[in-house]
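Please explain how this structure is put together, taking its strands, its charged pairs, one of its pockets and a few loop residues in turn.

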Amino acid sequence: MLALKVWYQSTMGMCRSTRRSDGKVVIVTGSNTGIGKETARDLAKRGARVYLACRDLSRGQAAQREIIESTGSHQVEVLKLDLGSLASVREFVKQFLSKEKQLDILVNNAAATGLENKLSKDGLQQEMQINHFGPFLLTILLLDVLKKTGSSRIITVSSLAHKMGKIEFDNLNCEKSFPGGTKLYSNAKLANVLFANELARKLEGTGVTSNSLHPGAVKTEIARRLPFLIYKLLGYGTAFFFKNAYEGAQTSIHLAVSDEVQGVTGRYFVDCKESEMSEDAKNQELAKKLWDECVQLVKLTPEEIKL
């Protein structure tokens, strides 16, 4: 078993870039824990000014203190962002833009699974909203500052699960039926990759890149809302072979800082290398239609879409 563990660790992709990020401004969503916190920690250590975008301010402030202590950087701020609320997304963007005139790196990291099937106050299925509709709105509202900054990078943390996903437009918001937690998560992760790809096409020529990734099988808190026994069994079963949060953050960090991906856009990465996405994820017509549906669902106006 130990030999297998050593072999598994040897196959992990690790970010080898030593590039500093001084003067850069970064947003990492869901950065109070897990791979989001490790991504934020690394970028703070490289000299970036990092915004921890967190639903729970107290947990975000705890992460802020920890990151400052471990990196020595005081350029770490916390702003409230609840992706399950469109009003919160809009307020976050308003607050961020009151503080900053540039945005070099946006890491759409936050995700959730195991939530009960119910609608948010916005009338959106809450898990789809946190995993896709919320990040969609956030990214669109930040496009203007991303484009003005130039050579900015948008990084969307998806999952290998996207290969099991399916986009059904008559049930995108679970209008007809609830597909089950695992299936819903896979659908959302496919939506993430389709969005990242469509965004890359729409941003062509602007200098802003958009890529997606699978962080690997990572032992984090994402499944903490699952039934207690299942969560504990997953914890015992994954402790040996799954990546820890630091290891799981490596592909996000690679896409944020590496010179190897400068100008690379519309790609999907695993273990810091470009990988093959699903056939559905490559479907441009599907991506365009999903984009249009999401614009309607999150109530974006034409004036807000800075493309």
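Helices, of at least four residues, and strands, of at least two, are DSSP runs numbered from the N terminus. The model is a predicted one, and the elements named below follow that numbering.

The account may begin with the strands. Strand E1 comprises residues 25-29 and is joined to E2 by five bridges, the two strands running parallel. Within this pairing, Val 28 has Leu 52 of E2 as its bridge partner. Between the two strands the chain passes through H2, and the resulting β-α-β crossover is right-handed. On its other pairing, E2 is connected to strand E3 (residues 76-80) by five bridges, and these strands also run parallel. Two positions illustrate the register: Tyr 51 stands opposite Glu 77 in E3, and Ala 53 has Leu 79 of E3 as its bridge partner. E2, H3 and E3 together form a β-α-β unit, which is right-handed. Strand E2 thus takes part in the pairing with E1 and in the pairing with E3. How far is strand E2 enclosed by the rest of the structure? Five of the six residues of E2 (residues 49-54) are buried, so the strand is largely enclosed by the rest of the structure. In general, the side chains of a regular strand alternate between the two faces of the sheet.

The helices of these two units also carry charged pairs. The model has 18 salt bridges by the rule applied. One of them joins Glu 38 to Arg 41, with 3.1 Å between the closest N and O atoms. Both residues belong to helix H2 (residues 34-45), and because they are three residues apart, about one helical turn separates them. Which class of accessibility applies to Glu 38? Burial requires a relative accessible area under 20%; Glu 38, with 16%, is therefore buried. Arg 41 likewise counts as buried, at 16% relative accessibility.

Arg 41 also forms a salt bridge with Glu 66, and here the closest N and O atoms are 2.8 Å apart. This pair links distant parts of the chain, since Arg 41 lies in helix H2 and Glu 66 in helix H3 (residues 57-71), with their positions 25 residues apart in the numbering. Glu 66 is partly exposed, at 34% relative accessibility, whereas Arg 41 is buried. These contacts belong to a network of salt bridges that links Lys 37, Glu 38, Arg 41 and Glu 66.

A further salt bridge is found later in the chain, between Glu 276 and Lys 282, whose closest N and O atoms are 2.2 Å apart. Glu 276 is partly exposed, with a relative accessible area of 45%. Lys 282 is partly exposed as well, at 34% relative accessibility.

Attention now turns to a pocket. Rolling a probe the size of a water molecule over the atoms shows where empty space is left. The second largest pocket has a volume of about 240 Å³. Its lining consists of 16 residues, and those nearest the centre are Ala 200, Arg 201, Glu 204, Thr 265 and Gly 266. Which helix gives the largest share of this lining? Helix H7 (residues 181-202) does, with three residues. By character, the lining of the second largest pocket divides into 10 polar, three nonpolar and three charged residues.

Several loop residues complete the description. Glu 279 is located in the loop between strand E8 (273-275) and helix H11 (284-297). Its relative accessible area is 60%, and Glu 279 is therefore exposed. The C-alpha atom of Glu 279 is separated by 8.2 Å from that of Lys 163, although the two residues are 116 residues apart along the chain.

Two loop residues have a positive phi without being glycine, namely Ser 151 and Cys 174. For Ser 151 the angle is about 55°; this residue lies in the loop between helix H6 (143-149) and strand E5 (153-157). For Cys 174 phi is near 60°, and the residue is placed in the loop between E5 and H7. Is each of these residues buried, partly exposed or exposed? Ser 151 is partly exposed, with a relative accessible area of 45%, whereas Cys 174 counts as buried at 15% relative accessibility.

Conventions. Residues numbered from 1 in each chain as written. Predicted model: local features only at pLDDT ≥ 70, side-chain atom pairs only at ≥ 80, totals over all residues. Heavy atoms only, no water. Salt bridge = Lys/Arg side-chain N within 4 Å of Asp/Glu carboxyl O. Buried < 20%, exposed > 50% of the residue type's maximum accessible area, 1.4 Å probe, protein only. 1 Å grid on protein atoms, 1.4 Å probe; cavity = no way out; pocket = protein on both sides within 12 Å on 5 of 7 lines; lining within 4 Å. Points joined across faces, edges and corners; volume = space filled by probe spheres on them. Nonpolar A, V, L, I, M, F, W, Y, C, P; charged D, E, K, R; others polar. Pairing = 2+ DSSP bridges. Right-handed = clockwise from strand over helix to strand, strands pointing away.
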